Amino acid sequence: MPHYAIAEERRANELRTVDRVCLMRMVGAVLGSIAIAATLKAHGHSYGGLVWVALLLNLALWPPMAWWHARRSVTPLRTERRQWVLEGLFAGFWIAATGLSPVPGTVLACVLLAGRVASGAWRILAGTLLMLVIGLVSGWLMLGRPWWPDLSEAGMRICLFCLFTHIFALSYMLRTQLQQLQARNELLQRQNRTDAGIELPNRRYFESRLVQAHGRFRLYRQVASLLLIDVDHFKEINDRYGHQTGDRILGGVADILRATVRSGDLPARYGGDEFAVLLINANRLAGQYAAERIRRMMAAYIQQDGAVKACTLSIGIAEINTDHVRVQDWVSAADAALYQAKAAGRDRIVVG
Ligand SMILES: Nc1nc2c(ncn2[C@@H]2O[C@H](COP(=O)(O)OP(=O)(O)OP(=O)(O)O)[C@@H](O)[C@H]2O)c(=O)[nH]1
């Protein structure tokens, strides 16, 4: 992937995170404002209207402003983290404004800190806590040291409702994120074991399955056969008809392999113009039938495609046996059979 594409993908990921954070910020701002309003309504007459205006601005302006600022930034996540720290100041102020009342204070602290803890950004968390203390102390002094330890039952209920809703919303968001991460992980795993050109399993994955089949034979004597398949004179096909035609023929071989094997078996691209098939519960005779089917289908495909005059396959087969102490011994046996098929004139099957 070119460098600029990686940078673009990273930015797109960061913007998605900014959107998610903004959503949680809006939820937190609404719930926090409800808890603050419930407390102010009971105690905050001394402040006058200014504190309500500040609350309204904090609720209505801050989340969209923070979102807009982060999205416009060259480094959206870094900007977002700075905003997280700044929010500590706001929360500290509101904890002071609610007279250090423990219940709304807990709601505000939870709304502020839970997301930071979930993201594991410990330095940001430390910065946020510092700002919270600064906001709390300066706000408390500025507002005349309000001290309202008691809260009405109705206020308490509202605050508990806000706390519950926030925990619920955060859990739901984390669950959604986890699901997306799992889906992405599965996609990466699939890509990691697939040959991108022709959508067949790649050699690395194939070899891991060979190891399993070898282990099952040694433990339970479960028989298996390995087919190594090579396109004959493929270099000539490339040279004569061009690489695009060559690629199409390789795609055709892949389709044939996919169509021939049973569900438990595994076809793979072994490298270049070489393919492999692992046949589970198949002895050499079953392997030979499968190989013949593949050769017949290849002949039909070449005739139907019409792009090249002739293109054949050589196939070496090895059924696993007790001489194959290592997996490599089994592969070497199939390789030797393939070599014999080539040496004997190609377009044939040799059972090792
Ligand atoms: N078009 C195309 N060609 C490929 C690809 N991978 C490998 N090749 C070509 O496949 C050819 C393989 O040639 P060899 O295996 O050396 O020999 P061959 O011509 O097939 O002859 P024999 O195997 O001896 O019958 C090389 O020319 C590679 O460049 C691919 O993905 N697409």
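Q: Between which elements is His-233 found?

A: The model is predicted: local features need pLDDT of at least 70, side-chain atom pairs count only at pLDDT 80 or more, and totals for chains, interfaces and linings use all residues. Numbering runs from 1 along each chain as its sequence is written, and side-chain values use heavy atoms, without hydrogens and water. Helices (H or I, at least four residues) and strands (E, at least two) are DSSP runs, numbered from the N terminus. His-233 is in the loop between β3 and α9.

Q: Is His-233 buried, partly exposed or exposed?

A: Buried means under 20% relative accessible area, exposed over 50%, and partly exposed in between (1.4 Å probe, protein chains only). His-233 has 42% relative accessibility, so it counts as partly exposed.

Q: What is the phi of His-233 near?

A: Most residues other than glycine have a negative phi. His-233 is not a glycine, yet its phi is positive. The value is near 45°.

Q: Which residues are closest to the ligand?

A: A residue is near a molecule if one of its heavy atoms lies within 4 Å of it. The ligand is surrounded by 16 residues. The closest are His-233, Lys-235, Asp-247, Arg-269 and Asp-273.

Q: How far is a nitrogen atom of the ligand from the side chain of Asp-247?

A: A polar contact is a pair of N or O atoms within 3.5 Å; within protein, one must be able to donate a hydrogen and the other to accept it, and residues adjacent in sequence count only if both atoms are side-chain atoms. Polar backbone atoms of two residues also reach ligand oxygen: Phe-234 at 2.9 Å and Lys-235 at 2.8 Å. The ligand nitrogen lies from an N or O atom in the Asp-247 side chain by 2.6 Å.

Q: What share of the ligand's own accessible area does the protein cover?

A: Accessible areas come from the Shrake-Rupley method with a 1.4 Å probe; for residues, only the protein chains shown count as cover. On its own, the ligand has 660 Å² of accessible area. The protein covers 66%.

Q: Which element gives the most to the shell around the ligand?

A: Three elements give two or more residues each: β3 (224-231), α9 (234-241) and α10 (243-260). With 4 residues, the top contributor is α10.

Q: How many charged residues does the shell around the ligand have?

A: Asp, Glu, Lys and Arg count as charged; Ala, Val, Leu, Ile, Met, Phe, Trp, Tyr, Cys and Pro as nonpolar; the others, Gly among them, as polar. The shell has 3 nonpolar and 5 polar residues. Its charged residues number 8.

Q: Which side chain does Asp-232 join through a polar contact of 2.9 Å?

A: Asp-232 is in the loop between β3 and α9. Its relative accessible area is 3%, so it is buried. Its side chain reaches the backbone nitrogen of Leu-313 at 3.5 Å. At 2.9 Å, the side-chain partner is Lys-342.

Q: How far apart are the C-alpha atoms of Asn-202 and Ala-268?

A: Asn-202 lies in the loop between β2 (200-201) and α8 (203-220). With 12% relative accessibility, Asn-202 counts as buried. Along the chain, Asn-202 and Ala-268 are 66 residues apart. Their C-alpha separation is 5.6 Å.

Q: How far apart are the C-alpha centres of domain 1 and domain 2?

A: Domain bounds come from an automatic or database domain assignment. Domain 1 covers 3-191 and domain 2 covers 200-351. Their C-alpha centres are separated by 59 Å.

Q: What percentage of residues 155-174 is helix?

A: An unreviewed UniProt entry places "transmembrane region" at several spans, among them 120-143 and 155-174. UniProt positions use the numbering here, feature names are shortened, and annotations may be inferred rather than shown by experiment. Residues 120-143 are 88% helix, with end C-alpha atoms 34 Å apart. In 155-174 the ends lie 29 Å apart, strand is 0% and helix is 100%.

Q: What is the C-alpha separation of Ile-36 and Val-107?

A: Ile-36 is in helix α1 (residues 3-43). Its relative accessible area is 2%, so Ile-36 is buried. Val-107 is 71 residues away along the chain, but the C-alpha separation is 9.2 Å.

Q: What relative accessible area does Arg-145 have?

A: Arg-145 is in the loop between α6 (122-142) and α7 (153-192). Its phi is positive, about 50°, although Arg-145 is not a glycine. Arg-145 is exposed because its relative accessible area is 55%.
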